[in-house]
Amino acid sequence: MSIKNIGILTSGGDAPGMNSAIRAVTRLAIEQGINVWGIKRGYIGLRTGDIIEMNLRTVSDILHRGGTILYSSRDKEFKTEKGIKDAVEVCKKNKLDAVVVIGGNGSLKGVKDLMDNGIRCIFIPATIDNDVSSTSYCIGFDTAMNTGVEMVDKLRDTARSHDKCSVVEVMGRKCGDIALNIGIAVGATAILVPEVEYDFQRDVIKRIKYTQNIGRRHFIVVIAEGCEKTMEIASQIQIETGVQARFTILGHVQRGGSPTLRDRVLASTMGMKAVKTLIEDSESRAIAVKCDRVVTYGIEESLNLKKQFNIDLYKEALKISI
Ligand code: F6P
């Protein structure tokens, strides 16, 4: 079946580079003679029919902008039977042959629901958490890590000046990828991630004391939000080591900002792959990065894969954080 109309939406937590993906999909699709409809606020707009026609100029000057020009949401209504039914109606009414969904794990589940109700979708992974199992890389991850590194470098300046310990919580839900990479990049004395069970005495206190004995006077500890105990850990470090500890929760600053080169290039490549897949394939597919190549998976397969944490890198990282 030839494709005449597609919808495009961004859903879940926004991620830098979403705009670059919207631009790539819109431009290549229009160039291929396909009409593109921008759906606002993710699945909310798909349920309520909040849709605008996109053209080549709608996506001008957005490649480098953070956030998403289509807005985003986490829509509980969409998960209900009525929500899906309304969304399917809107797709039919607007004669959408397919919907391109840009988002994370929650958005991928929404794709499955749409697909099961006869709506073809192409999923593009975009979340700073980098926790979509079928891809080694999600749009936004690189920018979030770079923002985190910049912030921790600033914290280090003050920690160093006052011989303090800076305990920093980074985002990532149950995924430790952001924490691991930032931890390596800032030379953290301890890195805690949800994937690896930790022993507070062995993995934090002993490490701080050991490096203290070999002359270190300021410390950075990076904790993934999925570990859940940042405040307590900071106060316990102070009690047990005598080093003044301060905690910082980086929070939503990690989701903002202009996408890095890596995010712009990957978002553009994934966006173009989405359009090519729409034209060349006839099924719903999930775009992914595998061994540095942009590939596609079936939606079920994508949902069934298990995310691998780089445990070898984690173990190696701690060897040089002394
Ligand atoms: O999924 C992206 C993310 O930023 C997570 O890292 C974080 O746990 C969550 O979203 C925060 O969600 P919200 O902005 O809805 O509070």
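Let's call a residue buried when its relative accessible area is under 20%, exposed when that area is over 50%, and partly exposed in between, using a 1.4 Å probe and the protein chains only. By that yardstick Gly49 is partly exposed, at 35%. Gly49 belongs to the loop between helix 2 (43-48) and strand 3 (51-54), where helices (H or I, at least four residues) and strands (E, at least two) are DSSP runs numbered from the N terminus. Gly49 and Asn94 are 45 residues apart in sequence, yet their C-alpha atoms are 8.5 Å apart in space.

Keep in mind that this is a predicted model, with local features needing pLDDT of at least 70, side-chain atom pairs counting only at pLDDT 80 or more, and totals for chains, interfaces and linings using all residues. Residues are numbered from 1 along each chain as its sequence is written, and side-chain values use heavy atoms, with hydrogens and water left out.

Now for the ligand. Around the ligand you'll find Arg74, Thr127, Asp129, Met171, Gly172, Arg173, Glu225, His252 and Arg255, each with a heavy atom within 4 Å of it. The Asp129 side chain puts an N or O atom 2.6 Å from a ligand oxygen, while for the Arg173 side chain that distance is 3.5 Å. Gly172 uses its backbone instead, with an N or O atom 3.2 Å from a ligand oxygen.

Finally, look at helix 9 (residues 261-280). Its 20 residues should span 28 Å at 1.5 Å a residue, and its end C-alpha atoms are indeed 28 Å apart; the expected span is 1.5 Å times one less than the number of residues. Among its buried residues are Leu266, Met270 and Ala274.

Methods
A polar contact is a pair of N or O atoms within 3.5 Å; within protein, one must be able to donate a hydrogen and the other to accept it, and residues adjacent in sequence count only if both atoms are side-chain atoms.
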